[in-house]
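Here is a short tour of one protein model, written for someone meeting structures for the first time. Keep the picture open while you read, and look up each residue as it comes along.

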Amino acid sequence: MTERELVMIPGPTNVDPKVLRSLARPTLAHTSGTFATIFKETLVDLGKIFKTGGVVLPLAGTGTLGAEVAFSNITEPGDNVLVISGGYFGDRLAEIAVNLGARVDKLEVPWGSAPSIAEVEKKLSSTKYKIMAAVHVDTSTAVANPAKELGALARAKDVLFLLDTVCSMGGMDVRVDEWGINVCFTGSQKALAVPPGMTVVSFDSKAQKVREQRKTAPASYYGDLKRWLPILNDPTKYFATPPVNMMYALYEGCRMVLAEGLEERFSRHERMASAFRAGLRAIGLRLLCNDNVASNTLTVAYYPDGVRDAEFRKSMLDGFGIVVAGELGPLREKAFRVGHMGNVNRSDILATLGAIEGSLSMGGYKFQLGAGIAAAIAVLTR
Ligand code: PLP
């Protein structure tokens, strides 16, 4: 088995060797002064990436745990929760809230579309909701939801705003404090370009107060913000053992994000996404969402007639060494997903487009070979 694969799925993404090497550093005592310093510095860097002065809580676990921890601190059984869902991960937010005993309404948006703010406003006016939850970029559709506008609405309606930024944080602008995101969570393995295994949840002062004043204990013992606060203030204290080596990787990953510069990183993502979409369109592929709602972290394209999902992805991998993802839910086998986030560069984009052209051509699709690459190069060299 070759280890030389280009991972172009929407997470995990390609991890820089510097971050990988950090995992091999000797495992320090989790309560040691040296580790506490690394932990504290990581919190500072995460605060900069999240653009928040609130609390950021890194935990061993994946994005799904992040969603549970986010909800479980601020949700009590019987609470009214509105979940805006236009995809697989929106649906999952609703399932998690139901699991915690909340009374959940789902505002469903067709896959590939973003919610209309007027519609959300109407829904928020219909019931006294405690929480409104949404996904920034739903990885099943590549739609970037209007997080800023949703935050403004939540603020105006005095509803807590919980946002899943698993597929955007570190690759697209997320302004937790400015946009009024009371609870925000992400995962390590996407645009932050760290291996899978960590989630980070932020709580602003309003959310912290809600946790503080709740009547029932949160369903999650491990994810209880109140138990972690003393550790965030002084990581030499113990509550549960942090994943020491994964914290090295998160530390290194955050350093790399900030060394590039957030704005530079976002514009690199924007450039890669535009080039990739231009390339796919130039060979006649239809994309799931329009550019005005398209995220910069991944793209979803429909297969042309006659091209089979399993064969296409096998050709991408066996023939070109590139991994792309299939679709979920109603789009299963109808479309494929390509992640272009984290450390993605021009070569990755061009190699992936080349492999897509090759695989589609071998799958019997007729188009002008090279047109996708030419269109992408035109964008990348502008
Ligand atoms: N939310 C979004 C938008 C995701 O893309 C994912 C995973 O792909 C998750 C949540 C769940 O994260 P994890 O798979 O790390 O548990």
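Alanine 193 sits in the loop between β9 (183–187) and β10 (198–203); helices (H or I, at least four residues) and strands (E, at least two) are DSSP runs, numbered from the N terminus. Although alanine 193 is not a glycine, its phi is positive, at about 60 degrees. Alanine 193 counts as buried because its relative accessibility is 3%. Here buried means under 20% relative accessible area, exposed means over 50%, and partly exposed is in between (1.4 Å probe, protein chains only).

Before going on, a word on where this comes from: the model is predicted, local features need pLDDT of at least 70, side-chain atom pairs count only at pLDDT 80 or more, and totals for chains, interfaces and linings use all residues. Residues are numbered from 1 along each chain as its sequence is written, and side-chain values use heavy atoms, with hydrogens and water left out.

**Backbone surprises**

Lysine 51 also has a positive phi in a residue other than glycine, near 55 degrees. You will find lysine 51 in the loop between α2 and β2 (55–60). Is lysine 51 buried or partly exposed? With a relative accessibility of 23%, lysine 51 counts as partly exposed.

Then look at proline 12, in the loop between β1 (6–7) and α1 (17–23). The peptide bond that joins glycine 11 and proline 12 is cis, with omega about 0 degrees. Why point these places out? Most residues other than glycine have a negative phi, and most peptide bonds are trans.

**Around the ligand**

Which residues surround the ligand? They are Thr62, Gly63, Thr64, Phe89, Val135, Val137, Thr139, Asp164, Val166, Gln189 and Lys190, where a residue is near a molecule if one of its heavy atoms lies within 4 Å of it. Sorted by class, this shell has 4 nonpolar, 5 polar and 2 charged residues. In this sorting Ala, Val, Leu, Ile, Met, Phe, Trp, Tyr, Cys and Pro count as nonpolar, Asp, Glu, Lys and Arg as charged, and the others, Gly among them, as polar.

The table lists distances from an oxygen atom of the ligand to protein atoms.

| Residue | Partner atom | Distance |
|---|---|---|
| Glycine 63 | polar backbone atom | 2.9 Å |
| Threonine 64 | N or O atom in the side chain | 2.5 Å |
| Threonine 139 | N or O atom in the side chain | 2.3 Å |

Taken alone, the ligand exposes 380 Å², and the protein buries 86% of that. These areas come from the Shrake-Rupley method with a 1.4 Å probe.

**Elsewhere in the fold**

Phenylalanine 39 belongs to helix α2 (residues 33–50). Phenylalanine 39 counts as buried because its relative accessibility is 2%. In sequence, phenylalanine 39 and methionine 247 are 208 residues apart, yet in space they are 7.0 Å apart, C-alpha to C-alpha.

Aspartate 79 is in the loop between α3 (63–74) and β3 (80–85), and at 14% relative accessibility it counts as buried. A polar contact of 2.7 Å links the side chains of aspartate 79 and lysine 130; such a contact is a pair of N or O atoms within 3.5 Å, and within protein one must be able to donate a hydrogen and the other to accept it, while residues adjacent in sequence count only if both atoms are side-chain atoms.

Finally, threonine 127 lies in the loop between α5 (117–126) and β5 (131–135). Threonine 127 is partly exposed, as its relative accessible area is 25%.
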